[in-house]
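Hi,

Here is the structure I promised to pass on. Have a look at it first, and then read my notes below.

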Amino acid sequence: MKKIFLLLSGMLIAVGVLAQDIISIYKVENEDSVKPVYSDAEPVCDCEELMNLKLPDTRIESAVFRTADSTCMVTAVVNHPPSKDRVTVSLALPVKNWNGRFYGMGGGGFMTGIPFLLGLPASQGFAAAVTDGGHVGGSGSFALDTVQGRLRWQEIRDFAYQGIHDMTVVGKAIVQAYYGKPAMYSYFVGGSTGGRQGMMEAQRFPEDYDGILSYFPAINWSRFLLADIWPQAVMNDEGNFVSKAKLEAVTRAVIKASDGDDGVIDGVIDYPIDCTWDPQEFVGTTVGDEVFTEADANVVRRIWEGPRSCDGKFLWYGLTRGANLTQLSGTKGNPLTAAPFDIAMEWIRYFLVLNPDWDIKSLTWAEFEQLFNQSVDQYSDVIGTDDTDLSRFRDHGGKLLIMHGLADQLIPTQGTIEYFDKVNRRMGGINATSRFARLYLVPGVDHSLFGSGPTPVGQLDALIRWVEEGKAPYRIIAELKDKEGNVIRTRPLFPYPNIAVYSGKGNADRAENYNPGLPVHK
């Protein structure tokens with residue numbers, strides 16, 4: 001199968017993987033998981049008749065039957081008076097074989113929804129919806145009125161939380177009008193920004209969804225986006241820009257040095273959060289025509305350590321050892337100069353300094369700290385997704401699965417762990433929380449759940465069984481495939497705080513030879 005590159009507005013990185021693997025995190029593996037919940041689920045009106053539907057502050061712009069896949073495609077626009085904003089909601093409604101469920105899809109980066117994926121859940125019988133969140137495209141420029149030099153706060157709120165809620169409310173109303181009955185179950189699936197949106201729904205609008213699948217969620221948005229600029233601030237401060245070749249080489253070195261800590265040699269650091277390998281050990285190593293220096297080691301060490309204030313206080317987490325450093329620590333040219341992460345740059349330009357021409361070359365350590373504090377102070381209330389009181393979602397009967405790769409190169413996994421630890425304390429401990437919410441950490445995979453480690457499969461099926469049958473997932477299987485698509489390794493993923501620990505017996509590439517346990521370094 002042809003390899004493709006998927007770019008979800010820069011937040012889901014471009015990765016060359018099999019197309020079937022890319023879409024696997026958005027689909028059910030077993031069609032029995034989505035058997036129809038109604039005996040009669042045929043539409044009660046023609047698709048075009050939905051143009052006459054009246055909903056508050058909403059206009060149906062189009063309703064067209066698509067013969068290619070027998071789907072009713074609906075576009076609605078929601079407004080929030082007196083603002084002149086436009087939140088566009090798009091739906092794909094199966095004309096035949098609706099399974100009785102609503103499926104909300106999240107976005108990536110500054111893109112609130114990913115329209116080209118809409119047909120996937122619809123092909124499996126879901127009534128599916130996405131939204132643009134009040135702006136077109138994947139740029140953060142929507143936040144700034146450059147003419148008046150002011151922030152567009154309604155559009156920011158639409159992106160932060162309102163657009164997804166509008167999509168859900170309007171989407172469900174259109175579903176009921178089309179099929180003559182409501183969706184019996186509602187699910188939300190999203191990664192990165194989409195993962196944040198799912199968590200925001202559980203916190204702000206807990207009755208919107210019965211089940212939420214949140215991948216590598218951007219829940220600490222106002223913190224980690226500034227942390228994404230930290231590598232550039234470090235290199236500016238150190239006066240040393242490290243080449244891509246050196247960053248890749250030191251990453252390979254830490255993986256090689258720490259690979260066997262879990263008792264299995266598989267090219268993966270199973271629990272990198274506890275890894276303490278120091279880049280000083282790599283100093284003097286030849287990398288192509290270069291030599292890895294003491295100054296390079298200082299830069300890499302500070303990147304792994306994470307953002308600190310000028311007086312040394314913790315601000316946020318750094319990348320885990322083994323995560324790809326080249327996207328956030330990018331350099332270019334000769335001599336080397338900064339090549340920062342676009343989304344973080346746009347956050348600073350359009351949301352903080354209100355200057356589209358702001359140049360990172362001037363960024364000092366002191367300015368970084370100032371921008372970090374401004375970001376947290378100014379935006380935590382609107383886009384902060386760290387409310388640990390999930391009692392309303394729990395009491396609604398909602399179920400939540402969170403997945404985060406331990407080699408995520410954009411969003412530090414430790415932020416998700418910290419949030420989940422706080423949820424456990426707030427909700428009565430891990431046993432109480434696990435009745436409705438579970439976190440799965442995935443070793444050796446990045447900000448798309450792909451990498452040297454196995455990728456989870458069947459997680460949406462597991463969520464549906466939990467919601468509809470009350471069967472909580474004890475474990476989720478992850479698979480690693482070769483270039484031909486053959487499964488060459490399987491591993492179980494156990495709910496946090498457990499990880500998979502090799503039993504010491506049998507084939508280490510088989511999931512059945514692993515048991516739940518705490519990280520070996522603990």
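Let me start at helix 6, which is followed by Gly 239, a residue with a positive phi, near 65°. Please keep in mind that this is a predicted model. Helix 6 covers residues 230-238, and its buried residues are Trp 230, Pro 231, Gln 232, Ala 233, Val 234 and Met 235. What lies over them? The cover for the buried residues of helix 6 includes helix 5 (221-227), helix 8 (294-305), strand 14 (331-332), strand 15 (337-338) and helix 10.

**The chain as a whole**

The protein chain has 14 helices and 22 strands. Its radius of gyration is 23 Å, which agrees with the value near 24 Å that a compact globule of 522 residues would have. Along the principal axes, the C-alpha trace spans about 75 × 65 × 50 Å. Of the 522 residues, 60% are buried. The chain exposes about 20600 Å², and carbon and sulfur atoms supply 49% of that. If you take the contacts between residues at least 6 apart in sequence, 67% of them join residues at least 24 apart.

**Some backbone spots to click on**

There are two cis peptide bonds I'd like you to see. One runs from Pro 81 to Pro 82, with omega near 5°, and Pro 82 sits in the loop between strand 4 (71-78) and strand 5 (87-94). Another goes from Asn 334 to Pro 335, again with omega near 5°; Pro 335 is in the loop between strand 14 and strand 15. Both of those strands came up above, in the cover of helix 6.

Then there are positive phi values outside glycine. Asp 57 has phi near 55° and belongs to the loop between helix 1 (19-22) and strand 3. Ser 70 also has a positive phi, of about 55°, and is found in the loop between strand 3 and strand 4. Asp 57 counts as partly exposed because its relative accessibility is 47%, and Ser 70 is partly exposed too, with a relative accessible area of 24%.

**Inside and outside**

Strand 3 (residues 58-66) holds Ile 60. Is Ile 60 buried or exposed? At 8% relative accessibility, it is buried, since the cut-off is under 20%. Leaving out residues up to four places away in sequence, Ile 60 touches Leu 50, Met 51, Leu 53, Val 74, Thr 75, Ala 76 and Ile 174. Ile 174 is 114 residues from Ile 60 in sequence, yet the two C-alpha atoms are 9.7 Å apart.

Thr 385 is in the loop between helix 10 (365-383) and helix 11 (391-395). Despite the loop position, Thr 385 is buried, with a relative accessible area of 0%. With the same sequence neighbours left out, its contacts are Arg 196, Met 199, Met 200, Gln 203, Ile 219 and Tyr 419.

Asp 145 lies in strand 8 (residues 144-145) and is buried, at 10% relative accessible area. Beyond four places in sequence, Asp 145 touches Arg 150 and Arg 152. Gln 148 is in the loop between strand 8 and strand 9 (150-151), and at 56% relative accessibility Gln 148 counts as exposed. The C-alpha atoms of Gln 148 and Val 254 are 49 Å apart, with their positions 106 residues apart along the chain.

**Empty space**

The count comes to six cavities of 30 Å³ or more. The largest cavity has a volume of about 150 Å³. It is lined by 18 residues, and those closest to its centre are Pro 443, Arg 491, Pro 492, Leu 493 and Ala 500. Which element gives the largest share of that lining? Strand 20 does, with four residues. By class, the lining of the largest cavity has eleven nonpolar, three polar and four charged residues.

The second largest pocket has a volume of about 190 Å³. Its lining has three nonpolar, five polar and three charged residues. Among them are Lys 244, Glu 248, Asn 324, Phe 341 and Asp 342.

Cheers

Key
Residues are numbered from 1 along each chain as its sequence is written. This is a predicted model: local features need pLDDT of at least 70, side-chain atom pairs count only at pLDDT 80 or more; totals for chains, interfaces and linings use all residues. Side-chain values use heavy atoms; hydrogens and water are left out. Helices (H or I, at least four residues) and strands (E, at least two) are DSSP runs, numbered from the N terminus. Buried means under 20% relative accessible area, exposed over 50%, partly exposed in between (1.4 Å probe, protein chains only). Contact means heavy atoms within 4.5 Å. On a 1 Å grid over the protein atoms alone, a cavity is a set of points where a 1.4 Å probe fits but cannot get out, and a pocket is an open set with protein on both sides within 12 Å along at least five of seven lines; lining residues have an atom within 4 Å of a point. Grid points are joined across faces, edges and corners, and a volume is the space filled by probe spheres set on the points. Ala, Val, Leu, Ile, Met, Phe, Trp, Tyr, Cys and Pro count as nonpolar, Asp, Glu, Lys and Arg as charged, and the others, Gly among them, as polar. The radius of gyration is taken over C-alpha atoms; the globule rule is 2.2 Å times the number of residues to the power 0.38. Accessible areas come from the Shrake-Rupley method with a 1.4 Å probe; for residues, only the protein chains shown count as cover.
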